[in-house]
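Here are some notes to read beside the model. Take them in order, and keep the structure open as you go.

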Amino acid sequence: MAPQGEIFMLDEQVVFRGRPMRVAGRVQFEGSSGQLTFRYLLSDPTGAPVILEEGAGRFALLRAFPPAAQPQTVDNTVTVGTEKYTLVGVRKLKVLEVSGNAPGVAPRAPLILSGIFEGPMGTLMREMVPGMTTQVYYLLKPLAAGEVLSAAQYAVDKDAEGRAAGNRALNED
Amino acid sequence: MKSAIEGANHWRRALPGAGTAAVMALVLVLAAVLGLIAPDPAVAGCIALAVLVGMIYAALRTGYSARLSDAGFSSVQLAALFLLLAWLTYLAEDAPPAIAVLYLVAMVFGMLQLDRTRLSILAAIALAIHGTAVFMLIDNGHKINLAAAWTQFGALVLAFAWFTYLAGIVQQLRARLSEAHRKLHDLGLEANQRAARDTLTGVYHYRHLMEALEREIARAERVGKPLSIARVDLDWLGSVNETHGPAAGDIALKRFTEAAAGALRDVDVFGRYGGKEFLAIMPDTDLKGAVIAAERIRAAVGREPVPDVRGRRHLSCTLGVAEHRKGENTRLVISRAEAGLNFAKAAGRDRVVALDAEGKPAMVEAG
């Protein structure tokens, strides 16, 4: 199994759920307790771009909403259709480095506020820059180990898989 | 170009017989030069061989041979060669060893081209007509060394029997080679099919989907017909995996893909976009029609039973639908469908969301 929390560089080749993709943008954040968080924009020539966040050794998929259909926030509650999500935590993320085509509000400010809301349908994230009206919502989906791999790690895993299958076939003969 | 290829094929099919005739002609010339046979029979033999090759080529070229079971004319060529050799034996007024060698050359050709039965029949005919030629020479009063003639005849009988036996082995090898070639061809077809299909679910995989979408976008722009897509996600697959194990998750995925693909038309393309994410491409379909099709998929998937997960006993899926806009590439149209899907998931799953021209959720069909 590939190690979790692997840090990717701009233009590095990665494999997301079996799709070969390129790191087209990268943002490095520092949390209030000093922990590092990375956000990646992955792209390939034909499919839709993918936004990933990696923190504390785990990856999460950030799913954007239609620009003209953003969720509604009242006090500590976010509403999408009839579903309600309640605020469970806020992160202050200091933008340390931006490279390439970075997603969301991060390239526009040195600091962003990230609110985490939970509801029966999962987790929502609302991001905003203090003092600005711009805000972005994401639906958060935690990823399982092995869903995001560097191209090199993917090749090693595939090779090992092929060897194991070959050994099984030899043993069966 | 086609006729050049066909011409090359005709030559390739005529080549074994032509090569054998050329070897025989060379041996005849050599025998004449060394004085083993008279020059006239040698020249006549060479001309006859050239005519024979020309006739065979003409039969192949005109397609006449295609009507016959022996399309390569191998039996006819061999019979003609044997007749020619018997005629040369008669013309040479002897049974020279050179002609015996030529019989063996002809038999090698027959061994490689014919089955055991046909070759044994031809070998018997060859011995009969050769014996007849020698008998006619004796009958006409020519001085022939009978002991040498009988020895040569006996040697030919033994050699022909051996060649006929070998022809059976060659035939078996050819049959095995042909079978192996057929299997290889079938495996190649299967590999191509598998290369376009997801191994678990059997639906098209990402690369094939993207190629199909590019093709359909180009077609829609060319003919001015609508094109819509749906991003489809199976709901709660992670919970199925956690509660009942990955094998149950795989079964759920298979049932989901069977139901979803079965709810689409033959012209639609359905495949795995990645993980539990799928994509349906619907040619000649506007947004309204795509929402109806998406709702059909949702209803079909909702009828599939699943082990109890979060109080549910049936599968469910969420769909984001978008219609292609002129000039839009694959990334943009998928991104719009995906945005609709994300909204639908956050709004409660098990529903269809389509975005209007402004990107607002215009049509929502909730489960």
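1. Confidence and chain B at a glance. This is a predicted model. Of the 367 residues of chain B, 39% count as buried. The chain holds eleven helices and eight strands. Its average pLDDT is 85, and 92% of the residues score at least 70. For the model as a whole, the scores are ipTM 0.87 and pTM 0.64. A word of caution applies: where pLDDT is low, the predicted coordinates should not be read in detail.

2. Chain A at a glance. Chain A has twelve strands and one helix. Where does the helix come in the pattern β-β-β-β-β-β-β-β-β-β-β-β-α? Read along the sequence, it comes after the strands. Of the 173 residues of chain A, 29% count as buried.

3. Contacts along each chain. Take the contacts with a separation of 6 or more. In chain B, 67% of these join residues 24 or more positions apart. In chain A, the share for residues 24 or more positions apart is 50%.

4. Where the chains meet. The contact uses 22 residues from chain A and 24 residues from chain B. Which helices of chain B each supply at least two residues to the side that touches chain A? They are α7 (206–223) and α11 (330–346). The largest share, eleven residues, comes from α11(B). By class, this side of chain B has seven charged, eight polar and nine nonpolar residues.

5. The largest nonpolar core. This core has 91 residues. Among its members, B:Ile229, B:Leu319 and B:Val321 touch the most others. Helix α11(B) gives the most to the core, with eight residues. So α11(B) is worth finding on screen: it also gives the largest share of the side of chain B that touches chain A.

6. A look at B:Leu319. What does B:Leu319 contact, leaving aside its neighbours within four places in sequence? The contacts include B:Ala230, B:Arg231 and B:Val232. B:Ala294, B:Ile297 and B:Arg298 are also in contact with B:Leu319. The rest of the list is B:Leu341, B:Ala344 and B:Val352. A second, separate core has 45 residues, including B:Ala21, B:Ile56, B:Leu114 and B:Phe163.

7. Helix α3 of chain B. This helix covers residues 74–91, which is 18 residues. From its first C-alpha to its last it reaches 25 Å, close to the 26 Å expected at 1.5 Å a residue. Its buried residues include B:Leu78, B:Leu81, B:Phe82, B:Leu85 and B:Leu88. B:Ser74, B:Gln77 and B:Thr89 are also among the buried residues. An α-helix has 3.6 residues a turn, so residues three or four places apart point the same way.

8. Just after α3(B). Here B:Glu93 takes a positive phi of about 55°. B:Glu93 and B:Ile138 are 45 residues apart in sequence, but 9.2 Å apart in space, C-alpha to C-alpha. B:Ile138 sits in helix α5 (residues 116–139) of chain B. Why is B:Ile138 classed as partly exposed? Because it has 13 other C-beta atoms within 10 Å, and the partly exposed class lies between 12 or fewer and 20 or more.

9. B:Arg207. This residue lies in helix α7 of chain B. B:Arg207 counts as partly exposed because it has 14 C-beta neighbours inside 10 Å. B:Arg207 and B:Tyr273 are 66 residues apart along the chain, and their C-alpha atoms are separated by 8.7 Å.

Terms used: Residues numbered from 1 in each chain as written. Chains lettered and ligands numbered in written order. Predicted model: local features only at pLDDT ≥ 70, side-chain atom pairs only at ≥ 80, totals over all residues. Contact = placed C-beta atoms within 7 Å. Helix = DSSP H or I, 4+ residues; strand = E, 2+ residues; numbered from the N terminus. Nonpolar A, V, L, I, M, F, W, Y, C, P; charged D, E, K, R; others polar. pLDDT = per-residue confidence, 0-100. Expected span 1.5 Å × (residues − 1). Core = buried A, V, L, I, M, F, W, Y, C linked by C-beta atoms within 7 Å.
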